[in-house]
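Work through the exercises below with the sequence and the coordinates side by side, and try each task before reading its solution.

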Amino acid sequence: MFYLKEFFSSLWEIKLRGMFFLTSSFLVALTLSFKPTVQSALTHLSPDAWARPYFTALFDANVQKEDVLADLENRPEVDRVELVVTTESQSVFGKLLTQIGKDYQTTSADVASFGLRVILKNKQMIPSAQNLILGLEKTHGETHMTTSGIKMPKIGGMLDGHPIFNYLSRFGYLGALVPLMLVWFFSLALVYNDVSKRAWLIERFQRRKFVRAKIIGAGFMFILSLATIATFAFQGPDFVAILLCLSAFAVPWATTLREVKWTSQN
């Protein structure tokens, strides 16, 4: 407890730099501990997750919904299929009737019975989706269905060209971890001399050894303990992640395993 108290006392004396180091340390520990969760979050932040093309298909009462879903199931170009709610289906159908013209005659059998929004995996699947639509029309009859055409989400188009989202999409988990590690090493450099000075004073006046290593080690173990508890509580035990955290924190800690000299504090 003595060295942990000295760890927080050292950071308290330098306020902003200490808080910066403590925050970046926690972020690194959590990123390493919650690797699957972070990877999943980054996947949902990628442009492809927001820029997936889609088309809406409306079917009349002559078509069985189960048959259409069976046709779409396991298609390589389809990410997922969503059922269009009745009110939305009627809205889309109404817009289509407006485009056709007021003279168009329809019967109750022609009115859309259900609608499906088919979301593709990525933009590269658009040509395949065109063939998919033709296949649905051939199977269920083009007179019994209509489609909105393939569209792109507006927000997807905005994110698709953003450099940060493109960077995360390309490099994924490592793309987030490596810059965070660099920031963490930089934050450690900002507090290193202050902790070393405090360690030198304790060594000289309390006759202790390797005080700097013990102070920083106590702080690291406290941070790693909190990250481990969080992992067990919210994600489940992941011993590989725990070992990875220990290894990552052991690298900067190893630099403290040398004698502290007063000249290094000037």
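The exercises that follow concern a predicted model, and each is given with a worked solution.

**Exercise 1. Confidence along the chain**

Determine which helix has the lowest mean pLDDT and which the highest, and examine the part where pLDDT stays under 50.

Solution. Begin with the whole protein chain, for which the mean pLDDT is 79, with 79% of the residues reaching 70 or more. Next, go through the elements: helix H6 (residues 86-100) has the lowest mean value, 53, and helix H2 (residues 16-33) has the highest, 91. Finally, turn to residues 104-110, where pLDDT stays under 50 and for which the model has seven contacts beyond four places in sequence.

**Exercise 2. The backbone and surroundings of Lys15**

Describe the phi angle of Lys15, its place in the chain and its position relative to Trp12.

Solution. First, read the backbone: Lys15 is not a glycine, and yet its phi is positive, at about 45°. Then locate the residue, which is in the loop between helix H1 (2-13) and helix H2. Its relative accessible area is 44%, which lies between the limits of 20% and 50%, so Lys15 counts as partly exposed. As a last step, look at the side chain, which lies over the face of Trp12 at 4.5 Å from the ring centre.

**Exercise 3. The environment of Ile215**

Decide whether Ile215 is buried or exposed, and list its contacts outside its neighbours within four places in sequence.

Solution. Ile215 is found in helix H10 (residues 211-234). Because its relative accessible area is 0% and the limit is 20%, Ile215 is buried. Leaving aside neighbours within four places in sequence, the contacts of Ile215 are Tyr3, Glu6, Phe7, Val195, Ala199 and Ile202. Ser10 is 205 residues away from Ile215 in sequence, although their C-alpha atoms are 9.1 Å apart in space.

**Exercise 4. Aromatic pairs across the chain**

Classify the pairs Phe20–Phe186 and Phe21–Phe220, and state which helices they link.

Solution. The count of aromatic pairs comes to 12. For Phe20 and Phe186, the ring centres are 6.4 Å apart and the planes stand at 65°, which is over 60, so the pair is edge-to-face. This pair links Phe20 in helix H2 with Phe186 in helix H9 (residues 163-206), 166 residues apart. Phe20 is partly exposed, at a relative accessible area of 32%. The pair of Phe21 and Phe220 is tilted, with 6.3 Å from centre to centre and 45° between the planes, and it links helix H2 with helix H10 over 199 residues. Both partners are buried, Phe21 at 2% and Phe220 at 3%. To finish, follow the ring pairs outward: Phe21 and Phe220 belong to a cluster that also includes Phe7, Phe8, Trp184, Phe185, Phe222 and Phe249.

Conventions:
Residues numbered from 1 in each chain as written. Predicted model: local features only at pLDDT ≥ 70, side-chain atom pairs only at ≥ 80, totals over all residues. Heavy atoms only, no water. pLDDT = per-residue confidence, 0-100. Helix = DSSP H or I, 4+ residues; strand = E, 2+ residues; numbered from the N terminus. Contact = heavy atoms within 4.5 Å. Buried < 20%, exposed > 50% of the residue type's maximum accessible area, 1.4 Å probe, protein only. Phe/Tyr/Trp six-rings, centres within 6.5 Å; stacked < 30°, edge-to-face > 60°. Lys NZ or Arg CZ within 6 Å of the ring centre and 35° of its normal.
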